[in-house]
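Trainee: I should like to study this structure step by step. May we begin with its overall layout and then turn to its charged side chains?

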Amino acid sequence: MNLKTMAIASAVGSLLALGTVTASADDAAKEKCFGVAEAGKNDCATAKHSCAGQAKTDKSADEWKHVPKGECEKMGGKVGETKKAM
């Protein structure tokens, strides 16, 4: 590798690492809130379906969305535990 290629690779790697840190910070400022998702606007899987956007009814107690910390109860929901991927 020449010096120019190494500099470009280093810059791209730095940008990718910065994006990962920013995403982690955003996730840390949110909580899983049950009972507030509208039909078709849930954030992920439940026992009834495999992933996001598949809620059939508004505000189902087992459907959830990520919301800013401290907002869930204000919206009428119940805070649940967010499991982190390893």
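**Layout, surface and salt bridges**

Mentor: Please bear in mind that this is a predicted model. Let us begin with the chain as a whole.

Trainee: In what order do the helix and the strands follow one another along the sequence?

Mentor: The secondary structure of the chain amounts to 1 helix and 3 strands. Read along the sequence, these elements give the pattern α-β-β-β.

Trainee: What share of the residues counts as buried?

Mentor: A residue is called buried when its relative accessible area is under 20%. The chain has 86 residues, and the share that counts as buried is 20%.

Trainee: How much of the exposed area do carbon and sulfur atoms supply?

Mentor: The area that the chain exposes is about 6,300 Å². Of this area, the part supplied by carbon and sulfur atoms is 61%.

Trainee: What percentage of the contacts between residues at least 6 apart in sequence joins residues at least 24 apart?

Mentor: Here one considers contacts in the chain between residues at least 6 apart in sequence. Among these, the share joining residues at least 24 apart is 53%.

Trainee: How many salt bridges does the structure hold, and which residue is the partner of K65?

Mentor: The number of salt bridges in the structure is 3. In one of them, the N to O distance is 4.0 Å, and the side chain that K65 meets is that of D43.

Trainee: Why does this pair tie together parts that are apart in sequence, and how many residues separate them?

Mentor: K65 belongs to strand β2, which covers residues 64–68. D43 lies in the loop between β1 (30–34) and β2, so the pair ties together parts whose separation in sequence is 22 residues.

Trainee: Is K65 buried, partly exposed or exposed, and what of D43?

Mentor: Partly exposed residues fall between the limits of 20% and 50%. K65 has a relative accessible area of 25%, and D43 has one of 29%. Thus K65 is partly exposed, and D43 is also partly exposed.

Trainee: What is the distance between the closest N and O atoms of K41 and E38?

Mentor: K41 has a relative accessibility of 48% and counts as partly exposed. E38, at 42%, counts as partly exposed too. These two residues form a salt bridge, and their closest N and O atoms lie apart by 3.7 Å.

Trainee: Which residue meets E71 in a salt bridge, and is that partner buried or exposed?

Mentor: E71 is itself partly exposed, at 29% relative accessibility. Its side chain meets that of K74 at 3.4 Å, N to O. With a relative accessible area of 66%, which is over the 50% limit, K74 is exposed.

Notes: Residues numbered from 1 in each chain as written. Predicted model: local features only at pLDDT ≥ 70, side-chain atom pairs only at ≥ 80, totals over all residues. Heavy atoms only, no water. Helix = DSSP H or I, 4+ residues; strand = E, 2+ residues; numbered from the N terminus. Buried < 20%, exposed > 50% of the residue type's maximum accessible area, 1.4 Å probe, protein only. Contact = heavy atoms within 4.5 Å. Areas by Shrake-Rupley, 256 points an atom, 1.4 Å probe, with all protein chains shown as cover.
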